[in-house]
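Student: I should like to understand the terms used for this structure. Could each value be set against its definition?

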Amino acid sequence: MTIQQKIQLLRNELNTHNYNYYVLDKATISDFDFDIKLKELEKLEKENPTFFDANSPSQRVGGTITKNFETITHKNRMYSLDNSYSKEDLIDWEKRVQKLLGTTETEYTCELKFDGASINLTYENGNFVKAVTRGDGFQGDNVTSNIKTILSIPLTPKEDFVSNFEMRGEIILPIDGFNKMNEERVLNGEEEYRNPRNTASGSLKLQDSSEVAKRPLDCFLYQVVTEERKYKTHFESLENARKVGFKVPRTISLAKSIDEVFDFVNIWETKRHDLPYETDGVVIKVNNLQQQEELGYTAKAPRWAIAYKFKAEQVSTVLHEITYQVGRTGAITPVANLEPVQLAGTTVKRASLHNADQIKKLDIRLKDTVFVEKGGEIIPKIIAVDFTKRPGDSEATIYATNCPECNTLLSRTEGDAKHYCLNEFGCAPQITGRIQHFISRKAMDIDGLGGETVDLLRKHGLIQNYADLYDLSVEQIIPLERMAKKSAQNMIDGILKSKEIPFEKVLFALGIRFVGETVAKKLVKSFKSIDNLMVADLEALIAVDEIGDRIAQSILEFSSNQENIQLINRLSASGLQLEVSAESLENQTDLLKGQIFVVSGVFHQLSRTELKKAIEDNGGKVSSSISKKTNFIVAGDNMGPSKLTKAQDLGLEIISEQDFIDKIS
Ligand code: AMP
Ligand code: ZN
């Protein structure tokens, strides 16, 4: 046997033992013998560095230190899930799904919703290459070296699967392991961890991977993302993933109808308490992968899946005080300050009361006993007041009239649920909040500058608004508390680098009320530059698809304000991207302006995403369902038969992928 063969043999052997133990829960070797083999492998690898392999079992013990986790853009966005709370919600969902698909032939998978941290594992040519956290769904942190220490994740899955794919899953911390960790912390006089979910996600961001290796983390896989069309259903793809070594929970089950889905829900609503890990619901997915593609995504979540949340736990406690928070846009949020109470593994002290109407609706008063509920990651909510416990001297709550921070009289416009403090340029939390929003990841993504630093800079009078950031110098920052030369330099570098951030993100970063990411994109597409946008009138604004009166008014308020005009001029002088770059204009035309497309079936030259992008880049609009308004159906192979009938009934024009490509070239 050559050395190479010997190394390979040991690797295979160790991988198999790991798999048996961590995935199948079956010990097939003693710890002692495992260690001997591992040492032997390590020795051979050390003596023969040419055979190094980053995916060898010897590379899973941890040891790498990561100071800053690299940000990586997901190849395929990691969406959230829409939630449902009742059987009726699920029936409605099925109706929507079947309407969009134009068929009643649908089948579902039911899976438990694991409560941990989601992870995206990338495999190329059958080998593990990287692990990235969900982050904001568009980009996350590269936590590869930490993830490698989780031994139930195969780095070299068996063959006979797709070769290039992403595996999506949930990193969880079993309750037992969590309790053990806490026992140890108590012994060491340290504060206990709050709950398994936060601890699992915190573990992924530890700098020392050998610390991660010590934690009993596990990973359940629930989705295969690939362009290879080897499997026809979600269920089949997961069953095969399990066969090649992934830990796919055996609780997954098929359902032919919503009734069957509900059987699954009913069983697990109680049985989940016997599981060794936490779950907070069930995830229902359309099983057929082509149907999944047909259904696509909303701005937030897949249309082909929905989460059913288990009933949230409730407790009652006493309301001590209502305080008011001022957001970056001046919006006021009333907050209930409660007698601390344990709820679903965490201590609850505060709950949002949303707005004045909510307070009125609940008729909530100081000293009331209230019911608090918490489901998953949602901020605790006050459900109702226990009127039987209301003290006799209680008085109705009077909503704040003035801003708690700057004392300006609050204002509320007809139809708006929230009160606002309009003292935009003089109200501290608004000033800081706007700058914090400006530097945040989805906006200017300025590395090396966090929320606390913004406060510090403001306190020292170095910045009053986001335009001031671009006039900062290293020399000004170094004298501040806790600022080393290196971090000051990092901060300035981060600020300079943000000048390359594309216009749509800059526009979002400006923090114009109601201009979120999607609206910013739409505005950029129509107006192309900040100069055009700043002079746009009401008519021009509402002419943009999906921009209504409310958004348009808010933009007009922004663009007519002298202070804002000055800010924009300064940002422009500092060299920020305030217009669409030439490159992104290049592939954009008005060829399909005003035309509505529905895309259906399987395509060959373009992926479905590319096809949709091409439609939008050329001024067209993609719709998910066929109606009289539809102009063209781009039909690939296997277009749904009832969609076809509907299109024909309406006399719509059906074109092929090639016809479409001809249209835009
Ligand atoms: P949410 O965070 O409420 O939007 O729910 C989406 C998250 O649920 C995903 O990012 C996953 O991390 C998590 N999740 C847990 N179990 C599953 C499952 N079986 N299928 C899909 N997502 C799941
Ligand atoms: Zn104020």
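Tutor: Domain bounds here come from an automatic or database domain assignment. The C-alpha centres of domain 2 (83-309) and domain 3 (313-423) lie 34 Å apart. This is a predicted model, in which local features need pLDDT of at least 70, side-chain atom pairs count only at pLDDT 80 or more, and totals for chains, interfaces and linings use all residues. Residues are numbered from 1 along each chain as its sequence is written, chains are lettered from A and ligands numbered from 1 in the order in which they are written, and side-chain values use heavy atoms, without hydrogens and water.

Student: What makes Cys403, Cys406, Cys421 and Cys427 donors of the zinc ion (ligand 2)?

Tutor: Donors are N, O and S atoms within 2.8 Å of the metal (3.2 Å for Na, K and Ca); water is not among the atoms, so sites may look incomplete. The SG atoms of these four residues lie 2.3 to 2.4 Å from the zinc ion (ligand 2), so they qualify as donors.

Student: Why is Cys427 called buried, and Cys406 partly exposed?

Tutor: Buried means under 20% relative accessible area, exposed over 50%, and partly exposed in between (1.4 Å probe, protein chains only). Cys427 has 0% and is therefore buried, whereas Cys406 has 22% and is therefore partly exposed.

Student: How do you know that the chain is as compact as a globular protein of its length?

Tutor: The radius of gyration is taken over C-alpha atoms, and the globule rule is 2.2 Å times the number of residues to the power 0.38. For 665 residues the rule gives 26 Å; the chain has 28 Å, which is close, so the description applies.
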